[in-house]
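Open the model in your viewer and switch to a cartoon view. Keep the side chains at hand for the stops below.

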Amino acid sequence: MKVFYYNFKPWNLWLLFNIALTLLVGSCLMCGWRILLYPQMWIIFGTVIFSWSLWYYKYIHPQVMAVITDESIKIDHTNPLKWKDIDYAQEKEVVCCFKKYRVVALIPKKNINYKYNWLQKHNPFPEFSIPLYGLLTPENEKEIVKIVSKKVKIKHTAKSE
């Protein structure tokens, strides 16, 4: 079994926002303890804690991108897709929000009974997409393409959908 994780860069605008928000709360507390009597201050405290928690979850806590076993591949939070149920893989460029993204789409065989989740049904990307546009380290991108190419045939295309 091989597990691949997303590689998000934690140094970003959201981190600066959290630092500024924390400094704002700290400067408010410098005024004295009576500031804690105002309900607005507790709302700001809650916002700071919520924002730091979400930032931690996304950027520090490891996010699983794919779990590959000999029998199946599980991408994000989808149900595992068995290798024998995949017809072929296709390298594609998909347009989303006016940007092109390179993905490897796993195309399942016809008449496969698979339970798709909400995101798979309502997404501009193919149902089973492995991102190759900077969300993984370059080494992991190469390794996952190598593993997929051993399991199924990969067709290379450069056209947008």
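**Stop 1: a salt bridge.** Select Lys-2 and Glu-143. Their side chains meet in a salt bridge, at 3.5 Å from N to O. This pair ties together distant parts of the chain: Lys-2 belongs to strand S1 and Glu-143 to helix H4, 141 residues apart. Side chains of opposite charge can pair when their charged atoms come close. The whole model, which is a predicted one, counts 3 salt bridges.

**Stop 2: the helix over the strands.** Now select residues 138-151, helix H4. Helix H4 lies across S1 and strand S2 (64-68). Its direction makes an angle of about 140 degrees with S1.

**Stop 3: the four-stranded sheet.** Colour S1 to S4. They form an open sheet of 4 strands in the order S1-S2-S3-S4, with antiparallel pairing. Which strands stand at the edges? They are S1 (2-5) and S4 (81-82); each has a single partner strand, so one side of each is left without a neighbour in the sheet. Strands of a sheet pair through backbone hydrogen bonds, either parallel or antiparallel.

Walk through the pairings.

- S2 to S3: 3 bridges join these antiparallel strands. Pick Ala-66 and find its bridge partner in S3, Ile-75. The two strands form a hairpin with 3 residues between them.
- S3 to S4: 2 bridges join strand S3 (residues 72-75) to S4, again antiparallel. Pick Ser-72; its bridge partner in S4 is Lys-82. This hairpin has 5 residues between the strands, and Asp-76 takes a positive phi near 55 degrees there.

Keep Asp-76 selected; it returns at the last stop.

**Stop 4: the long hairpin region, S5 to S7.** Select residues 86-96 (S5) and 99-108 (S6). S5 and S6 pair in the antiparallel sense over 10 bridges. Check Lys-92: its bridge partner in S6 is Val-103. Go to the turn next. The hairpin has 2 residues between the strands, and Cys-97 takes a positive phi near 55 degrees.

Then follow S6 to its other partner here. S6 and S7 run antiparallel, joined by 3 bridges. Val-103 appears again: Pro-131 is its bridge partner in S7.

**Stop 5: the largest pocket.** Show the surface. How many residues line the largest pocket? The lining has 25 residues; Tyr-6, Asp-76, Leu-119, Asn-123 and Tyr-133 lie nearest the centre. Select those five to place the view. The elements that give two or more residues to the lining are helix H2 (39-59), helix H3 (118-121) and strand S7 (129-131). The pocket volume is about 660 Å³.

Finish by colouring the lining by class. You should find 14 nonpolar, 8 polar and 3 charged residues. Asp-76 links two stops: the residue has the positive phi in the S3 and S4 hairpin, and Asp-76 is among the residues nearest the pocket centre.

Conventions:
Residues are numbered from 1 along each chain as its sequence is written. This is a predicted model: local features need pLDDT of at least 70, side-chain atom pairs count only at pLDDT 80 or more; totals for chains, interfaces and linings use all residues. Side-chain values use heavy atoms; hydrogens and water are left out. Two strands pair if DSSP finds at least two bridges between them. Contact means heavy atoms within 4.5 Å. Axes are lines fitted to C-alpha atoms, for helices over the stretch in contact, and angles run from 0 to 180 degrees between N-to-C directions. On a 1 Å grid over the protein atoms alone, a cavity is a set of points where a 1.4 Å probe fits but cannot get out, and a pocket is an open set with protein on both sides within 12 Å along at least five of seven lines; lining residues have an atom within 4 Å of a point. Grid points are joined across faces, edges and corners, and a volume is the space filled by probe spheres set on the points. Ala, Val, Leu, Ile, Met, Phe, Trp, Tyr, Cys and Pro count as nonpolar, Asp, Glu, Lys and Arg as charged, and the others, Gly among them, as polar. A salt bridge is a side-chain nitrogen of Lys or Arg within 4 Å of a carboxyl oxygen of Asp or Glu.
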